[in-house]
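Keep the sequence and the 3D view side by side for these exercises. Try each task on your own before you read its solution.

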Amino acid sequence: TGDTMAERPQELWLVERPGELENAANRLVSVLRGVLPASDKDFETVNRILFALGDNCFRHGKVHTGAMLCGQAFPKNGVVEIAVADTGQGIWSSLKRFPSLAESMQGDANAILTALTLKVKSAEGVVRQGFLNTLLATARKTGGELVCMSGEAALTMRGGEMRNTKVAY
């Protein structure tokens with residue numbers, strides 16, 4: 001009900017440049033803080049998730065039209081929904097930059113599964129789980145759901161089980 005956009009809560013935020021991600025994530029988490037009984041640590045985790053997913057859009061998706069971030073809460077149902085969408089190059093195209101993966105990729109569904117289970121190497125040579133891998137593990141641990149869509153595929157993890165489906169491009 002505020003007079004300016006900055007004074008009104010927004011569940012949906014178009015981030016046009018990577019430098020705007022921190023502000024967008026903070027604002028969305030602020031909206032969630034107003035309706036959810038959760039700890040500061042929980043909200044910090046949600047903030048990091050929103051930021052990292054948005055960063056993936058720019059860094060890996062090579063998106064030129066921005067990233068759409070969404071954070072919604074349904075307290076009566078005990079549900080928090082976080083969504084990030086972009087119109088970038090897609091996971092399959094992004095993973096093709098690695099010669100070892102380019103040869104084994106067999107489509108969008110395989111690319112999504114690879115991204116969700118990928119281990120990455122830091123500049124120092126340390127191997128760790130990738131962000132999407134960590135996010136999948138978090139959804140499993142908390143009994144949450146995860147849907148990852150790219151190209152003509154969607155992978156859904158619900159109740160600890162993963163399923164691939166074909167979707168319209």
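The exercises below work through a predicted model.

**Exercise 1. Find the order of the strands in the open sheet of three strands, and name its edge strands.**

Solution. Start with the order, which is E1-E2-E3, with antiparallel pairing. Next, look for strands that pair on one side only: these are strand E1 (12-15) and strand E3 (79-86), the edge strands. Then check how the neighbours are turned: on average they stand at 15 degrees to each other, direction ignored. Now zoom in on E1 and strand E2 (residues 67-74), where four bridges join the two in the antiparallel sense. One pair to pick out is Trp13 with its bridge partner Leu69 in E2.

**Exercise 2. Work out which strands helix H1 and H2 lie across, and at what angles they run.**

Solution. Take helix H1 (residues 21-33) to begin with: it lies across E1, E2 and E3 and runs at about 15 degrees to E2. Move on to H2, which also lies across E1, E2 and E3. For H2, the angle of about 15 degrees is the one to E3.

**Exercise 3. Describe the largest nonpolar core and say which elements supply it.**

Solution. Recall the background: in soluble globular proteins, nonpolar side chains tend to be buried together. Here the largest such core has 19 residues, and Ile91, Leu95, Ile112, Leu116, Leu146 and Cys148 have the most contacts inside it. Now trace where the core comes from: at least two residues each are supplied by helix H2 (40-59), helix H3 (91-95), helix H5 (108-117), helix H6 (131-142), strand E6 (146-150) and strand E7 (153-158). A second, separate core has 18 residues, including Leu21, Leu50, Phe58 and Ala73. To finish, follow Leu95 back in the largest core. Beyond its neighbours within four places in sequence, Leu95 touches Leu101, Ala102, Met105, Ala111, Thr114, Ala115 and Leu118.

**Exercise 4. Characterise the hairpin of E7 and E8.**

Solution. First, count the bridges: E7 and strand E8 (residues 161-166) pair over six, in the antiparallel sense. Second, locate a partner pair, such as Met157 with Met162 in E8. Third, inspect the connection, which has two residues between the strands; Gly159 takes a positive phi near 60 degrees.

**Exercise 5. How many aromatic pairs does the structure hold, and which residue lies over the face of Trp92?**

Solution. The search for aromatic pairs gives zero. Turning to Trp92, you will find Lys96 over its face, at 4.4 Å from the ring centre. The cut-off for a charge over a ring is within 6 Å of the ring centre.

How values were computed:
Residues numbered from 1 in each chain as written. Predicted model: local features only at pLDDT ≥ 70, side-chain atom pairs only at ≥ 80, totals over all residues. Heavy atoms only, no water. Phe/Tyr/Trp six-rings, centres within 6.5 Å; stacked < 30°, edge-to-face > 60°. Lys NZ or Arg CZ within 6 Å of the ring centre and 35° of its normal. Core = buried A, V, L, I, M, F, W, Y, C linked by side-chain atoms within 4.5 Å. Buried < 20%, exposed > 50% of the residue type's maximum accessible area, 1.4 Å probe, protein only. Contact = heavy atoms within 4.5 Å. Pairing = 2+ DSSP bridges. Axes fitted to C-alpha atoms, helices over the stretch in contact; angles between N-to-C directions.
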